[in-house]
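Visitor: I would like a close look at a single part of this model. Please take the aromatic residues at the surface, and then place them against the sheet.

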Amino acid sequence: MKKLQLVVVLLMAVLLTSNAVAGAYWSGGATGPWNDSWTWGNGTNYPVAGDIAYTTSGGTVTIDGTAEAVAELHHSSWSGSTNTLDIINGGSLDVSIVNYIGVAAGDIAILNIDATSSYSTGSAFNLGYNGSGTVNVSGTLDALGGLYVSNPWAAGTGDGTLNILDGVVNAVDFAMSSNGLINIEAGALSIYGLWWDPTLNGLIGANQIVGYGGTQAVNIDHVGDYTVLTAVPEPMTLSLLGLGMLGVLRRKK
């Protein structure tokens, strides 16, 4: 019996130790690579799957060509400073539980996803929660727990701006307060469901969803089970496309 009790105690100790490691808090994020422990103010480790990461140091953290994962990302959290996260050169970040881009009043968070890179989450993606958040997407952003801009549950407390410069933003749910702005250029916003037209038309009419900074119209289409927003190309882009077609026709002749 005593041996069984000892085994149980040892197993509990192992489980508690494992949970403690998996739930590590990493606070910092001075300028440097994500996968460099010194970026996070220590010489031992950096945030990995199961951990909680806070960017607070007013620097730029870069995920450059690597695949990173955490349980929670609190990007610019109670810092009163500007914190930037760049995902570049085929890099990726997967956040499993909590995503806050611009956590508290006075926090400024910037997230850049280049054309080769991606950010994915199965939880809610909160952009401009109570602080200010800007996301510039040229690659892929998968908000599989919903895309929520400028804290729609407490209007006036956060400021969120989403610039879809290229690529695509996928969301299974969507809401935005009157402080939010979505600017669509060469990319697309894809929201699950075919019932979004009234909401989206209202936001387009209020100039909260715009094309090319407000110079071009935004189209709403239905593709399968998704509502897809795209912007009409700028006149210069259309001209270039026309010139390209003329060249094709001339070659054919």
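Guide: What follows covers the surface patch and its aromatic residues, then the parallel sheet. The model is a predicted one.

A nonpolar patch on the surface is formed by Leu-144, Val-172, Tyr-192, Trp-195 and Tyr-226, with about 500 Å² of accessible area together. Trp-195 has 57% relative accessibility and therefore counts as exposed, the cut-off for that class being over 50%. Tyr-192, at 35%, counts as partly exposed, and so does Tyr-226 at 34%. Tyr-226 lies in strand β21, which covers residues 226–231.

The aromatic members of this patch also belong to a cluster: Phe-174, Tyr-192, Trp-195, Trp-196 and Tyr-226 form one aromatic cluster.

Aromatic pairs in the structure number nine. One of them is Tyr-100 with Tyr-129: the ring centres are 4.7 Å apart and the planes stand at 55°, so this pair is tilted. It links distant parts of the chain, since Tyr-100 sits in strand β7 (residues 92–101) and Tyr-129 in the loop between β10 (125–127) and β11 (132–137), 29 residues apart. Tyr-129 has 25% relative accessibility and counts as partly exposed. Tyr-192 and Trp-195 make an edge-to-face pair, with 6.3 Å from centre to centre and 85° between the planes.

Now the sheet. Eight strands build an open sheet with parallel pairing, in the order β2-β4-β6-β8-β11-β14-β17-β19. Its edge strands are β2 (32–33) and β19 (209–211), each of which pairs on one side only.

Strand β6 (residues 82–88) is mostly covered, with five of its seven residues buried. Strand β4 (residues 60–64) runs parallel to β6 and is joined to it by five bridges; here Ile-63 has Ile-87 of β6 as its bridge partner. Six bridges join β6 to strand β8 (residues 108–113), again in parallel, and Asp-86 stands opposite Asn-112 in β8.

Further along the order, strand β14 (residues 159–164) and strand β17 (residues 181–184) run parallel and are joined by four bridges. Asn-163 has Asn-183 in β17 as its bridge partner.

In such sheets, strands pair through backbone hydrogen bonds. In a regular strand, side chains alternate between the two faces of the sheet.

Terms used:
Residues numbered from 1 in each chain as written. Predicted model: local features only at pLDDT ≥ 70, side-chain atom pairs only at ≥ 80, totals over all residues. Heavy atoms only, no water. Patch = residues over 30% accessible without salt bridge, like charges linked within 9 Å, V, L, I, M, F, W, Y side chains within 5 Å. Areas by Shrake-Rupley, 256 points an atom, 1.4 Å probe, with all protein chains shown as cover. Salt bridge = Lys/Arg side-chain N within 4 Å of Asp/Glu carboxyl O. Helix = DSSP H or I, 4+ residues; strand = E, 2+ residues; numbered from the N terminus. Buried < 20%, exposed > 50% of the residue type's maximum accessible area, 1.4 Å probe, protein only. Phe/Tyr/Trp six-rings, centres within 6.5 Å; stacked < 30°, edge-to-face > 60°. Pairing = 2+ DSSP bridges.
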